[in-house]
Amino acid sequence: MCGILGYTGDHQASEILLSGLAKLEYRGYDSAGIAILDGDKIKVEKNKGRLQALEEKIKDRDVAGTCGIGHTRWATHGAPSDLNAHPIWSDDMTVVAVHNGIVENYRELKEKLSGHGYKFYSQTDTEAAVKLIDYYYKQEKDPMKALISAIKEIEGSYCFVVLFQDHPGEVWGVRKDLPLIAGQGEGESFLASDVSAILQYTKQVYYLDNMEIVQLNKGVVRFFDMDGYAKPKELSEVTWDAQAAEKGGFEHFMMKEIHEQARAVKDTFGAVYHSGAINLNEIGLTDDIIKSTSQIYIIACGSAYHVGAVAQYVIEDLAHIPVRIELASEFRYRNMPTDKNALAIIISQSGETADSLAAMRKAHEHGIKTLGIVNVVGSTIAREADSVFYTMAGPEISVATTKAYSAQLIACYVIAMQFAKVLGTIDDEKYESMLTEIQKLPEKIDAILDESGVLKRVAARFVNAKNAFYLGRNIDYAVAMEGSLKMKEISYLHSEAIAAGEMKHGPISLIEKGMLVAGIMTQSNLYQKIASNMLEAKSRGGYIFIVSTRGCEALKDEADFIFHIPETDEHFAASLAVIPLQLMGYYVAVARKLDVDKPRNLAKSVTVE
Ligand code: F6R
């Protein structure tokens with residue numbers, strides 16, 4: 001979704017803004033723009049399309065100045081166009097702002113402002129908000145008071161970063177339910193949607209709370225509450241380094257992140273494994289809480305939901321506690337009887353996904369304890385959850401998640417193991433063997449990557465394919481969902497994951513000659529079941545692509561291609577089986593010459609419904 005940036009300091013703002021916006025490109029966008037407050041005038045440059053087009057355009061323009069704001073827009077209200085691109089200005093261009101999110105009551109605001117003589121030039125919801133801020137600024141002559149009055153009237157979720165022409169060297173901001181952080185450097189300060197945009201300049205950041213006003217001056221950052229009183233705030237140090245957000249020699253971030261999975265898995269496990277034992281007290285899962293938990297809800301979207309699907313099988317099997325997985329977008333609007341002794345686990349890489357956040361708040365309303373499994377430190381879900389398990393994936397730039405998915409799996413395994421241990425549903429021997437095995441996953445992931453070159457050749461067969469099926473049962477079905485999503489989201493090859501037993505109930509009619517039918521076979525008690533389903537697909541012309549555990553003999557003569565993964569405890573098999581599936585999606589997308597890291601219509605962090 002949109003990326004936002006503000007800067008004030010001694011450097012040319014346009015350069016800082018363009019390089020910072022480039023770091024936010026991964027969020028997804030269709031237009032870009034900057035505004036520079038130079039002395040007492042504001043200059044705006046913006047256009048539809050990529051940042052490079054903006055860079056090209058401003059080469060010969062006057063964009064000098066050391067204070068400014070920038071934006072990459074992902075269109076919601078109004079098509080991508082030069083006019084709808086941000087920054088958006090007031091009628092007299094004295095108040096100029098960039099905005100993420102949605103102003104839900106923009107029609108009413110427009111009507112009110114039209115009554116006061118305001119004219120509207122764009123189709124955006126943002127323009128109503130900017131002109132409302134301007135309306136109050138003209139009365140109050142004070143940026144803070146204008147922002148407070150305006151946001152009391154604006155409905156929706158948003159983050160605004162604003163320049164006022166009469167306040168040179170100052171950048172103002174406010175957020176509600178969308179991320180905004182402030183960075184403090186030597187003689188300069190920043191506002192940004194996420195840390196990756198400013199990491200190369202500073203690691204000292206403030207995380208803004210909802211409805212908090214922030215004012216930037218060179219090297220000074222101040223916060224105010226909704227009554228206009230100054231608020232003290234703690235500075236945090238970001239541990240990610242700037243290199244982590246670079247491609248590091250790989251052609252795409254996705255490939256780099258696929259190769260970072262062993263490290264992400266190791267570090268995530270290492271975060272809760274100290275002196276030879278797992279300790280979940282720090283993430284709020286004391287033995288007493290585990291014992292009093294009667295039910296678990298796992299709530300998430302997209303790939304994070306697929307992690308939940310794996311976790312459901314693993315937790316139920318190991319800890320014998322009922323687990324429901326819920327799509328956050330459904331959970332938030334469903335009326336269902338809930339159990340006060342339940343634990344809701346919200347899984348989210350970004351920690352900002354609008355549906356996951358809303359679902360978590362709903363769980364709170366029902367009096368249910370929440371645990372966030374979150375990657376981005378200081379994100380809204382991390383701050384609002386009762387407790388947090390931070391995954392240690394590091395910044396994930398590619399829109400299609402890989403290393404965060406793998407890190408989330410580890411967090412879920414550890415929770416499953418601990419529940420099982422405390423509830424006495426597995427014995428010490430099993431627990432110890434799982435502890436040993438989970439620590440071997442990183443080297444096994446790397447071993448798979450070493451042997452994965454062959455997948456590039458197989459993927460080339462499907463460069464013109466139209467449809468694919470991914471089949472599995474139990475944990476393998478959960479992995480199939482993720483493999484199928486990886487294929488469709490970056491290669492645009494229509495793909496469906498199907499619980500293999502459902503094939504005969506309809507989907508089998510779609511199988512055509514040469515169609516990719518991927519089967520996941522890591523659960524030994526189900527080898528023969530899935531083998532039968534795959535043979536049915538083969539006899540109808542499907543290309544049988546198997547990911548199975550070494551040692552599984554099923555289909556060795558019938559499959560068109562088999563990729564073997566190392567043996568592991570079968571509860572952990574998803575961590576290995578997903579790797580070749582990520583690579584298949586990647587290689588098909590590359591063969592189709594697509595923008596792997598920024599697939600069309602998708603955004604990294606889905607901060608609107
Ligand atoms: C797919 C993908 C998405 C996210 C989903 C949730 O590759 O990345 O499906 O998993 O949008 O995002 P988070 O985890 O940030 O809540």
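Helix H3 spans residues 106-115 and contains Glu108. In this predicted model, Glu108 also belongs to a negative surface patch, which it forms together with Glu104, Glu111 and Glu155. Membership of such a patch requires over 30% relative accessible area and no salt bridge, so Glu108 and its three partners in the patch, Glu104, Glu111 and Glu155, are exposed by that criterion and unpaired.

Salt bridges are found elsewhere in the structure, which holds 34 of them. Side chains of opposite charge can pair when their charged atoms come close. One such contact joins Lys218 and Asp10, with a distance of 2.9 Å from N to O. The two partners are 208 residues apart, and the pair links distant parts of the chain. Lys218 is placed in the loop between strand S12 (213-217) and strand S13 (220-224), whereas Asp10 occupies the loop between strand S1 (3-8) and helix H1 (13-24).

Two open sheets are described next. The table lists them with their strand order, edge strands and average turn between neighbours.

| Strand order | Pairing | Edge strands | Average angle between neighbouring strands |
|---|---|---|---|
| S18-S17-S19-S20-S21 | parallel | S18 (323-327) and S21 (387-390) | 20° |
| S23-S22-S24-S25-S26 | parallel | S23 (494-499) and S26 (561-565) | 15° |

The sheet that runs from S18 to S21 has five strands. Its edge strands, S18 and S21, each pair on one side only. Direction is ignored in the average of 20° by which neighbouring strands of this sheet are turned against each other. Within this sheet, strand S19 (residues 342-348) and strand S20 (residues 369-374) are joined by six bridges in the parallel sense. Ile345 stands opposite Leu371 of S20.

The sheet that runs from S23 to S26 is likewise open and is formed by five strands. Here S23 and S26 are the edge strands, and each of them pairs on one side only. From one strand to the next, the twist averages 15°. Strand S22 (residues 467-472) runs parallel to strand S24 (residues 516-521), and four bridges connect the two. Ala468 has Leu516 in S24 as its bridge partner.

Two features of the backbone remain, and both are placed in loops. The peptide bond between His86 and Pro87 is cis, with omega at about 5°. Pro87 is located in the loop between strand S4 (67-73) and strand S5 (88-89). His320 has a positive phi of about 55°, although this residue is not a glycine. The loop that holds His320 lies between helix H9 (302-319) and S18, and S18 is an edge strand of the sheet with the order S18-S17-S19-S20-S21.

Definitions and conventions: Residues are numbered from 1 along each chain as its sequence is written. This is a predicted model: local features need pLDDT of at least 70, side-chain atom pairs count only at pLDDT 80 or more; totals for chains, interfaces and linings use all residues. Side-chain values use heavy atoms; hydrogens and water are left out. Patches are made of residues with over 30% relative accessible area and no salt bridge: like charges are joined within 9 Å, nonpolar side chains (Val, Leu, Ile, Met, Phe, Trp, Tyr) within 5 Å. Accessible areas come from the Shrake-Rupley method with a 1.4 Å probe; for residues, only the protein chains shown count as cover. A salt bridge is a side-chain nitrogen of Lys or Arg within 4 Å of a carboxyl oxygen of Asp or Glu. Lys and Arg count as positive and Asp and Glu as negative; His and the chain ends are not counted. The place of a charge is taken as NZ of Lys, CZ of Arg, CG of Asp or CD of Glu. Two strands pair if DSSP finds at least two bridges between them. Axes are lines fitted to C-alpha atoms, for helices over the stretch in contact, and angles run from 0 to 180 degrees between N-to-C directions.
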